[in-house]
Amino acid sequence: MSAKSAINKEIFAPHDERMLGAVQVKRRTKKKIPFLATGGQGEYLTYICLSVTNKKPAQAYITKIKQFEGSTSFVRRSQWMLEQLRQVNGLDPHRDSPEFDLLFENAFDQWVASTASEKCTFFQILHHTCQRYLTDKKPEFINCQSKAIGGNSILHSAADSVTSAVQKASQALNERGERLSRTEEKTEDMKNSAQQFAETAHKLAMKHKC
């Protein structure tokens, strides 16, 4: 089971939520600690996750999840309602970059995703979710590549794939219908020919009988 599947099963499913997307991240700038921390839990992995409740009306959240070194379980840290997200900054609209910033009402984080591709996928899902679940307070997406928030997203690609599959299925049905139609025509012709042959044979038999 992948880490993201495990997070969904362990963190979100028990709370009647489903995870829509996640990105593994590291901080670009470490937070300043005013004193020497003791008794820490060591190294950890951080995930920024996007989830939505199953109950209606649906509510979307952005949650920070951590997995500490040597542990197979995940820990829920900070969480924000999607309405609290004010800005998504891709930092560079002209090239693939794993770096991005998230600005909330009461927090600001600077991140580096594990890969630029994972960041792009997360942005696509995040942008689509904002369009779907937010009406008034939608966050600003700045310095983002068009493929991350535009028509070339994986969501649109998935929709195009479904449309293409439907079109292919429809075409196949039409072709099958045409073949069946031709088969029915041939069957009807054979039936007519057989009937004509039977009538001719009957007439010949009657003629010779007389």
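In the predicted model, Thr 63 lies in strand S3. With a relative accessibility of 0%, Thr 63 counts as buried, since the cut-off for that class is under 20%. Leaving aside neighbours within four places in sequence, the residues in contact with Thr 63 are Phe 12, Tyr 47, Ile 48, Cys 49, Arg 76, Ser 78 and Gln 79. With Gln 79 there is a polar contact between the two side chains, at 2.8 Å. Ser 78 is 15 residues away from Thr 63 along the chain, yet their C-alpha atoms are separated by 5.9 Å.

Thr 63 also takes part in strand pairing, as the bridge partner of Cys 49 in S3. Strands S2 and S3 run antiparallel and are joined by 9 bridges; the two form a hairpin with 6 residues between them. On the side of S1, the pairing with S2 is likewise described by an antiparallel course, here with 8 bridges. Cys 49 appears in this pairing too, being the bridge partner in S2 of Ala 22. Strand S2 is mostly covered, with 8 of its 10 residues buried.

Thr 46 belongs to S2, which comprises residues 44–53. Its relative accessibility of 6% places Thr 46 among the buried residues. Residues up to four places away in sequence excluded, Thr 46 touches Val 23, Gln 24 and Val 25, as well as Lys 64, Ile 65 and Lys 66, and additionally Trp 111.

The largest nonpolar core has 25 residues. Those with the most contacts inside this core are Ile 48, Ile 62, Leu 82, Leu 85, Phe 100, Leu 102 and Leu 126. At least two residues of the core are supplied by each of S1, S2, S3 (60–68), S5 (85–89), S6, S7 and H2. The greatest contribution comes from H2, with 6 residues. Apart from this core lies another, of 10 residues, including Ala 6, Ala 22, Tyr 47 and Ile 65. Phe 100, in the largest core, touches Val 23, Val 25, Arg 28, Asn 89, Gly 90, Leu 91, Asp 109, Gln 110, Trp 111, Ala 113, Lys 119 and Phe 123, when residues up to four places away in sequence are not counted.

The geometry of helix H2 was compared with its expected span. At 1.5 Å a residue, the 18 residues of H2 should span 26 Å, and the end C-alpha atoms are 26 Å apart, which agrees. The buried residues of H2 include the aromatic side chains of Phe 122 and Phe 123. Polar and charged residues are also buried in this helix, among them Glu 118, Lys 119, Gln 124 and Thr 129.

The salt bridges number 8 in total. Glu 118 forms one with Lys 4, in which the closest N and O atoms are 2.8 Å apart. Because Glu 118 lies in helix H2 (residues 116–133) and Lys 4 in helix H1 (residues 3–12), the pair ties together parts that are 114 residues apart in sequence. Glu 118 counts as buried at 14% relative accessibility, whereas Lys 4 is partly exposed, with a relative accessible area of 29%.

A further salt bridge is formed by Asp 109 and Arg 27, again with the closest N and O atoms 2.8 Å apart. Asp 109 lies in strand S7 (residues 108–113) and Arg 27 in strand S1 (residues 17–27), so this pair connects parts that are 82 residues apart in sequence. Asp 109 is buried, at 5% relative accessibility, while Arg 27 is partly exposed, at 27%.

In the salt bridge between Glu 99 and Arg 28, the closest N and O atoms are 4.0 Å apart. This pair links distant parts of the chain, with Glu 99 in strand S6 (residues 99–104) and Arg 28 in the loop between S1 and S2, 71 residues apart. Both partners are partly exposed: Glu 99 has a relative accessibility of 31%, and Arg 28 has a relative accessible area of 26%. Finally, Arg 27, Lys 64 and Asp 109 are joined into one network by salt bridges that share partners.

Definitions and conventions: Residues are numbered from 1 along each chain as its sequence is written. This is a predicted model: local features need pLDDT of at least 70, side-chain atom pairs count only at pLDDT 80 or more; totals for chains, interfaces and linings use all residues. Side-chain values use heavy atoms; hydrogens and water are left out. Helices (H or I, at least four residues) and strands (E, at least two) are DSSP runs, numbered from the N terminus. Buried means under 20% relative accessible area, exposed over 50%, partly exposed in between (1.4 Å probe, protein chains only). Contact means heavy atoms within 4.5 Å. A salt bridge is a side-chain nitrogen of Lys or Arg within 4 Å of a carboxyl oxygen of Asp or Glu. A nonpolar core is a set of buried Ala, Val, Leu, Ile, Met, Phe, Trp, Tyr and Cys residues joined through side-chain atoms within 4.5 Å. Two strands pair if DSSP finds at least two bridges between them. The expected span of a helix is 1.5 Å times one less than its number of residues. A polar contact is a pair of N or O atoms within 3.5 Å; within protein, one must be able to donate a hydrogen and the other to accept it, and residues adjacent in sequence count only if both atoms are side-chain atoms.
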